[in-house]
Amino acid sequence: MIWISRKKDGGWAVWFASSEISDLEKLPGQLRGVLANPDFSSKVIARLFPQAYRDDPEREAEFQRLLRDDLLQRKLEGVAAFERTLANRKETRKLLGFSLVQVDLTGEELTLWMGFFHDMRLLIGTRLDITDESWQQEIDPRDPRAGEFNLLHKLAYIEETVIQALRKAEKWD
Amino acid sequence: MGAEYEPRNGYGNGNAYGSEFHAAPGQAPARTVEPDTEEKSKVDRPWNVVVWNDPITLMSYVVFVFQKLFGYNREKATRLMLEVHHQGRSVVATVDREKGEYYVSRLHGFGLQATIEQTG
């Protein structure tokens with residue numbers, strides 16, 4: 001579960017159940033591991049670093065030469081921001097029997113979280129070869145991929161909550 | 001015509017989009033009008049920024065990005081997102097190449113699969 005609320009100073013308060021923290025803490029290392037020595041022939045990295053010119057190898061190479069490093073830095077920044085802010089969490093009250101932790105974020109940090117969760121879902125979803133069909137289906141709990149599949153759904157819920165919070169801040173709804 | 005209008009490499013070439021047609025010395029300008037227009041149209045043809053479908057990305061995320069990056073309203077952003085979803089791709093902007101590359105890099109920054117291709 002996740003709750004997000006706007007604070008009076010314009011920042012954000014994000015709450016998670018304490019029991020979820022250990023799963024969340026494992027995420028940054030996974031993405032950083034993939035980004036540390038990016039293998040550009042792997043499908044995960046290909047998804048995280050998309051092509052710009054599909055039919056023009058020369059322009060594609062030039063585009064990537066100029067921009068790939070920026071994109072990598074941007075992703076690493078998201079990983080670092082998530083890790084740093086999650087580490088600064090504070091234990092807070094109990095709600096309906098749940099022990100909660102609170103993470104305080106600036107608007108910029110919440111946007112970085114959105115990007116981080118999106119990248120995490122691209123990483124896991126690509127690894128699982130997710131399709132429109134398989135995304136809709138239930139997975140057999142005995143399937144060895146069930147853990148990652150459920151994590152993908154859980155992160156979708158978190159990402160969706162972040163998106164809705166940011167939409168409200170933009171006054172789009 | 002020997003002049004090259006399509007730069008091999010657009011980067012660092014400040015004149016990539018506004019290339020002037022240069023008539024060969026001594027040639028009457030009037031004669032160059034027709035080929036000029038024809039050749040120039042290839043260089044000046046705008047570029048489409050295309051976003052591709054991807055089963056992992058949330059629909060609401062795509063709408064968010066289109067609104068944030070292009071300033072589209074919710075209706076337009078949603079219509080484009082649904083086009084991506086149902087047709088596999090959607091042209092989200094038609095602009096000059098420099099601007100198109102900027103949009104593609106921003107879309108990549110948001111983790112969307114975006115490409116650029118010339119119209120026509």
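Start with the salt bridges between chain A and chain B: in this predicted model, the rule finds three of them across the interface. For one to zoom in on, select Glu170(A) and Lys68(B), which form a salt bridge with their closest N and O atoms 2.4 Å apart.

Next, switch on polar contacts between the two chains. You're looking for 13 residue pairs, with both partners at pLDDT 80 or more.

Now colour chain A by element and look at the side that touches chain B. The elements giving two or more residues to that side are α3 (57-87), α4 (107-127), α5 (132-136) and α6 (146-170) of chain A. Pick out α3(A) here, as the largest share, nine residues, comes from it. Recolour the same side by class and you get 15 nonpolar, six polar and 14 charged residues.

Time to show the whole interface. Select the contacting residues: 35 on chain A against 34 on chain B. Put a surface on both chains, and about 3200 Å² is buried between them, 57% of it on carbon and sulfur atoms. Then highlight Arg54(A), Arg59(A) and Trp172(A): together they supply 19% of the area chain A buries against chain B, more than any other three residues.

Last stop, confidence. The predictor gives the complex an ipTM of 0.94 and a pTM of 0.84. Colour chain B by pLDDT: its mean is 78, and 67% of its residues reach 70 or more. Then select residues 1-33 of chain B, where pLDDT stays under 50 although the model has 35 contacts beyond four places in sequence for this stretch. Where pLDDT is low, don't read the predicted coordinates in detail.

Notes: Residues are numbered from 1 along each chain as its sequence is written. Chains are lettered from A and ligands numbered from 1 in the order in which they are written. This is a predicted model: local features need pLDDT of at least 70, side-chain atom pairs count only at pLDDT 80 or more; totals for chains, interfaces and linings use all residues. Side-chain values use heavy atoms; hydrogens and water are left out. Contact means heavy atoms within 4.5 Å. Buried area is the accessible area (1.4 Å probe) that two parts lose on being put together, summed over both. A salt bridge is a side-chain nitrogen of Lys or Arg within 4 Å of a carboxyl oxygen of Asp or Glu. A polar contact is a pair of N or O atoms within 3.5 Å; within protein, one must be able to donate a hydrogen and the other to accept it, and residues adjacent in sequence count only if both atoms are side-chain atoms. Helices (H or I, at least four residues) and strands (E, at least two) are DSSP runs, numbered from the N terminus. Ala, Val, Leu, Ile, Met, Phe, Trp, Tyr, Cys and Pro count as nonpolar, Asp, Glu, Lys and Arg as charged, and the others, Gly among them, as polar. pLDDT is the predictor's confidence in each residue, from 0 to 100.
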